[in-house]
Amino acid sequence: MTTLLIHNAHTVATQDDHRSELKNASIYIRDNRIEAIGPAAAMPPEALQADEVIDARQHLVTPGLVNTHHHMYQSLTRAIPSVQNAELFGWLQGLYPLWAGLTPEMIHVSTQVAMAELLLSGCTTSSDHLYIYPNGVRLDDSIEAARAIGMRFVATRGSMSVGQSKGGLPPDRVAEDEDFILKDTQRVIETHHDGSFGAMTHVAVAPCSPFSVSRDLMRLSAELARRYQVRLHTHLAENDHDLAYSREKFGCTPTQYAQDLGWLGHDVWHAHCVKLDDEGISLFAATRTGVAHCPCSNMRLASGIAPIRRMLDAGVPVGLGVDGCASNDAAHMVNEARQALLLARVGRAMQPAEERTLPSGERKTFFGCDLGPAEMTARDVLHMATRGGAEVLGRKDIGSLQVGMCADLVLFDLQTLSFAGGAVHDPVGALLLCGSPQTDYTVVNGKVVVRQGQLATVDLGPLVERHNALALLLCGN
Ligand code: ZN
């Protein structure tokens, strides 16, 4: 048994059902669970004798942030000059030939680099969508990397089976055989998926996208996932080319395609959904289908502005995703939440003016900018990055700081530069509105993984050095 006390925190943003924010509060952790949370004086008597006590008088504590969409191997191909200014399809076609050279070591090292960046930016649970398996690469490579660094992980067995010769986007040499995809997916579920409370490893089934796998594989993947009671994940309605492909190849919208193949439901989450129409939003809400909102990637690739406020108002579960390292090209979870806030406001300001009737009966014209700032608040995006992400990943054990929940939490030092002048007024507002900080402490499943701003589980210097050598090797240098 190990115990940990977060002692007398300046502010704890619990993300409980009331979004309670506690002042001068402590959190007592036994093994991997929160045993007590509340005023420092109300902690159990043994709390002050905990194995480790972290003095949190100058810290903001939040639940660990949850990243719902990523492609960690892409950290090897960040900022490649030839695709810096491409939209989604051109960007993919420029990168597929490079990714064909990935090796198991590259997956292991790039996964740890991506996870280091996430852990240091407040993320404690991440999914990863690995959909390319050349040269003996296996999903096990990234699962082993996650275990070694200490991150809670939702590994998704992605796939591509429709190459260019069959009308798909990827080159044939990175497409896999569909029977093998299904067999290997079954193998990784049976080997690694843990459905218990507090599990550190989930596996989900994740054909890459409608433009790189067949209808049959989509349908059979859904059947396989439901047989094993694991989740389903893919990309959907990312940009206008994606919509056009769906109309041309399948004669329907991406949402109709998903519905037809059994890809709507509380056990499904789709990345992006930038181009979800009103019918799509209603169907997602009615079926509790989740969305991974990736604002930086959507801006980077000029995909568009996802209608997140309308999704939330309709009742669609929405979490945040940093998306792949090569289309962001960062993986900072607090910054992703900040960008979600900013992008929603830009989106509102771009809406046409509306005539509205005031309570007095007077008619008034409202421009988008009149409603823009209220479109998305700092607390809305913090909620999306914690509770929202947990719901999208089907987790009831993370996302909020309450008794009985898993001890996944992060501490931000309010005395650092990015909080100067902001934390004295509103620490939670300052976290999302000021420059995005790194964590002082990151605790995953009761274990301190970042201590005093340093990764405690992996030596970052040699990791980055090896990663950079592999990045050059992969790109033929
Ligand atoms: Zn993606």
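Two helices count as roughly antiparallel when the angle between their axes is over 145 degrees. Keep that cut-off in mind as we walk through this predicted model.

Let's use it straight away on helices H11 and H12. Their axes come within 7 Å and cross at roughly 160°, so H11 and H12 are roughly antiparallel to each other. The crossing of H11 past H12 is right-handed. If you zoom in on where they meet, you will find Ala-344, Arg-345, Arg-348 and Ala-349 on the H11 side. Their partners in H12 include Gly-368, Cys-369, Leu-371 and Pro-373.

Next, look for the zinc ion. Three histidines, His-69, His-71 and His-235, coordinate the zinc ion through their NE2 atoms, and Asp-323 joins them through OD, at 2.1 to 2.5 Å. Along the chain, these donors follow the spacing H-x1-H-x163-H-x87-D. His-235 sits in strand E10, while Asp-323 lies in the loop between strand E13 and helix H11, so this pair, 88 residues apart, links distant parts of the chain. Both His-235 and Asp-323 are buried.

What angles do the 4 donor atoms around the zinc ion subtend? They range from 85 to 173°, which makes the arrangement irregular. A tetrahedral site would need all angles to lie between 85 and 135 degrees.

Strand E10 also leads us to helix H8, residues 278–287, whose buried residues are Gly-280, Ile-281, Leu-283, Phe-284 and Ala-285. These pack against E10, along with helices H7 and H10 and strands E11 and E12. Just after H8, look for Arg-288, which takes a positive phi of about 60°.

Methods:
Residues are numbered from 1 along each chain as its sequence is written. This is a predicted model: local features need pLDDT of at least 70, side-chain atom pairs count only at pLDDT 80 or more; totals for chains, interfaces and linings use all residues. Side-chain values use heavy atoms; hydrogens and water are left out. Donors are N, O and S atoms within 2.8 Å of the metal (3.2 Å for Na, K and Ca); water is not among the atoms, so sites may look incomplete. Four donors count as tetrahedral if all angles lie between 85 and 135 degrees; four count as square planar and six as octahedral if opposite donors are over 155 degrees apart and all others between 65 and 115; anything else is irregular. Helices (H or I, at least four residues) and strands (E, at least two) are DSSP runs, numbered from the N terminus. Buried means under 20% relative accessible area, exposed over 50%, partly exposed in between (1.4 Å probe, protein chains only). Contact means heavy atoms within 4.5 Å. Axes are lines fitted to C-alpha atoms, for helices over the stretch in contact, and angles run from 0 to 180 degrees between N-to-C directions. Angles under 35 degrees count as roughly parallel, over 145 as roughly antiparallel, 65 to 115 as roughly perpendicular and the rest as oblique. A crossing is left-handed if the near helix is turned anticlockwise from the far one by less than a right angle, and right-handed if clockwise.
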